[in-house]
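Thanks for sharing this one. Here are a few friendly notes to read with the structure open beside you.

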Amino acid sequence: MMRRCEEIAALLYQYIDRELSEEEYQQVEAHLDECPPCKHVFKLEENMLTLVGERCRRVCAPEGLINRVRQLSGE
Ligand SMILES: [Zn+2]
């Protein structure tokens, strides 16, 4: 069963911080394998967060991200 894109987007920061449970982590991985738009966004965010370090984290918040995933996935 595939999780919805916005659920996956909401888990992004925990995913990058490795704060997800094993089960959630696998759900995210499975979704990314089947959903190129989410994978694209995740990779961008991961790179961006690596660059900016802690500063932007959680402040930039998933809301803008969720909207972007929605646009990309056509929901
Ligand atoms: Zn998706």
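1. Ile66 is a good place to begin: the residue belongs to helix α5. Helices here are DSSP runs of H or I with at least four residues, and strands are runs of E with at least two, numbered from the N terminus. Please bear in mind that this is a predicted model, in which local features need pLDDT of at least 70, side-chain atom pairs count only at pLDDT 80 or more, and totals for chains, interfaces and linings use all residues. Residues are numbered from 1 along each chain as its sequence is written.

2. Is Ile66 buried or exposed? Ile66 is partly exposed, because 19 other C-beta atoms lie within 10 Å; buried takes 20 or more within that 10 Å, exposed 12 or fewer, and partly exposed falls in between, with C-beta atoms placed from the backbone.

3. Which residues does Ile66 touch, leaving aside those up to four places away in sequence? They are Glu6, Ala9 and Ala10, where contact means backbone-placed C-beta atoms within 7 Å. Glu6 is 60 residues from Ile66 along the chain, yet their C-alpha atoms are separated by 5.6 Å.

4. On confidence, helix α5 (residues 61-73) has the lowest mean, 73, while helix α3 (residues 22-34) has the highest, 94. These are pLDDT values, the predictor's confidence in each residue from 0 to 100. The protein chain has a mean of 82, with 80% of its residues at 70 or more.

5. Overall, the protein chain has five helices and zero strands. Of its 75 residues, 19% are buried.

Definitions and conventions. Contact = placed C-beta atoms within 7 Å.
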